[in-house]
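Let us walk through this structure step by step. Keep the sequence and the model side by side as you read.

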Amino acid sequence: MKYIDIDFNNKTILITGAAGFIGSNLCFYFQENFPEAKIIALDCFRSGETFSNGNLKSFGHFKNLIGFKGTVISGDINDKEILLNLENEYKFDYIFHQAAISDTTVSEQDLMVKTNVNAYEDLLKLAIKHKANMIYASSAATYGDASSPQTVGNESPNNVYGFSKLMMDNITYSYLKKGLDISIVGLRYFNVYGPKEFFKNKTASTVVQFAHQLLKGNAPKLFEGSDKILRDFIYIEDVIQANIKACSPKKSGIYNVGTGKARSFQDIADILQKELGTSFQTEYIPNPYIGQYQFHTEANVQASKEELGFEARFELEDGIKAYIPEIKRLFEQEVK
Ligand SMILES: NC(=O)c1ccc[n+]([C@@H]2O[C@H](COP(=O)([O-])OP(=O)(O)OC[C@H]3O[C@@H](n4cnc5c(N)ncnc54)[C@H](O)[C@@H]3O)[C@@H](O)[C@H]2O)c1
């Protein structure tokens with residue numbers, strides 16, 4: 001699917017966070033639709049090191065890039081030398097910046113701000129030098145407990161991750177004031193699910209985690225009150241659509257990437273049970289994240305529609321249905 005009228009063949013494209021969930025999907029999008037595009041895939045890849053919450057410092061995994069034919073570089077976006085090498089070796093037309101500490105439960109504020117905020121500004125400077133359009137990942141976590149529908153301009157992050165993404169957006173606004181000759185688009189993804197998220201382990205979406213519980217023969221475990229915990233779940237294909245449309249925005253800026261509909265965790269469990277042909281009784285467990293947890297997210301997608309021409313094509317039912325064969329493959333090859 002081409003989405004817009006740009007021919008990316010013969011363009012040089014930097015994708016950061018390319019061994020992660022969204023970055024690797026972008027790599028394959030370009031490879032499949034624009035085989036002559038020159039894709040540079042940068043990621044620090046996992047080393048086994050963990051944060052104090054016990055989760056991996058990097059979720060990048062080589063398996064997300066099996067079949068990828070572009071250039072793969074293992075490097076840290078905090079490393080100025082790497083950025084200088086990229087600046088000298090290439091002339092980028094587009095930068096899709098997905099690399100980040102993506103785990104919302106990480107509490108190391110120093111590394112979070114350095115990696116997510118400061119390295120973004122360095123990459124933005126590189127984009128400006130190369131006259132490359134910048135498309136980067138912001139997040140619905142910038143909204144925290146702000147009321148629904150979440151709207152750009154009304155943020156209230158409740159963890160350092162959400163704060164870091166909001167600081168990226170503030171940097172964007174300050175650069176846009178300078179009147180640049182590139183476009184900069186920050187995309188506030190809501191809850192993304194779909195193929196290539198599996199290696200995010202416990203931070204992968206509930207869709208894949210619930211599905212594998214069901215396939216193991218276990219009842220789905222939901223937090224108490226899960227019918228009242230509502231989120232805007234967006235399928236990966238729609239996130240790719242948003243990234244591509246963000247290459248020729250009517251106006252640079254920050255945009256929501258959601259369906260505009262809030263659905264419950266109970267809905268996910270119910271749709272999965274139907275798709276997988278199971279009928280377990282749900283088990284309810286206490287929610288340990290009260291206070292740090294978003295209870296109702298629903299993207300205001302009006303500006304995304306008007307300025308990017310973005311509109312989600314997948315309802316939760318459609319996204320899960322499309323994802324089921326990959327969920328089953330993962331279960332056979334990675335879980336069992
Ligand atoms: N998946 C979601 O639901 C969601 C929602 C909102 C925002 N986002 C944002 O979208 C982007 C992509 O998220 P994802 O779900 O693909 O997560 P991911 O963790 O799978 O991908 C991020 C990638 O960045 C890499 N990375 C981390 N630190 C790095 C560093 N210092 N140098 C180089 N590479 C580094 C990791 O190895 C990983 O492969 C992130 O910026 C994330 O914050 C994701």
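A residue counts as buried when its relative accessible area is under 20%, and as exposed when that value is over 50%. Partly exposed residues fall in between. The model is predicted.

Take Leu308 as a start. This residue is found in helix 8, which spans residues 302-308. Is Leu308 buried or exposed? Its relative accessibility is 8%, so Leu308 counts as buried. Now look for Ala242. Along the chain, Leu308 and Ala242 are 66 residues apart. In space, their C-alpha atoms are separated by 7.7 Å.

Next comes the annotated part of the chain. An unreviewed UniProt entry carries the annotation "domain: NAD-dependent epimerase/dehydratase" for residues 13-258. Over that range the chain is 33% helix and 19% strand. The C-alpha atoms at the two ends of the range are 25 Å apart.

Turn to the ligand. There are 28 residues around the ligand. Which of them come nearest? They are Asp43, Ser58, Ser102, Tyr161 and Lys200. By class, the shell holds 13 nonpolar, 11 polar and four charged residues. Several elements supply at least two shell residues each: helix 1 (21-33), strand 5 (133-139) and helix 4 (160-176). Strand 5 gives the largest share, with three residues.

The backbone takes part as well. Follow it from Gly20 to Ile22. A polar backbone atom of Gly20 is 3.1 Å from an oxygen atom of the ligand. For Phe21, a backbone N or O atom lies 2.9 Å from a ligand oxygen. For Ile22, the corresponding distance from a backbone N or O atom to a ligand oxygen is 2.8 Å. How much of the ligand does the protein bury? Taken alone, the ligand exposes 810 Å², and the protein buries 95% of that.

Last, the cysteines. A disulfide is a covalent bond between the sulfur atoms of two cysteines. The test here asks for a pair of cysteine sulfur atoms within 2.5 Å. By this rule the count is zero disulfides. Why does Cys44 form no such bond? The closest cysteine sulfur, in Cys27, is 14 Å from the sulfur of Cys44, and that is too far for a bond. Cys247 has its closest cysteine sulfur in Cys27 too, at 14 Å, so a bond is ruled out by distance. The surroundings of these residues can be read from accessibility. Cys44 counts as partly exposed because its relative accessibility is 41%. Cys247 is buried, with a relative accessible area of 3%.

Definitions and conventions: Residues numbered from 1 in each chain as written. Predicted model: local features only at pLDDT ≥ 70, side-chain atom pairs only at ≥ 80, totals over all residues. Heavy atoms only, no water. Near = heavy atom within 4 Å. Polar contact = N/O pair within 3.5 Å; in protein donor to acceptor, adjacent residues only side chain to side chain. Areas by Shrake-Rupley, 256 points an atom, 1.4 Å probe, with all protein chains shown as cover. Helix = DSSP H or I, 4+ residues; strand = E, 2+ residues; numbered from the N terminus. Nonpolar A, V, L, I, M, F, W, Y, C, P; charged D, E, K, R; others polar. UniProt positions renumbered as here; feature names shortened; annotations may be inferred. Buried < 20%, exposed > 50% of the residue type's maximum accessible area, 1.4 Å probe, protein only.
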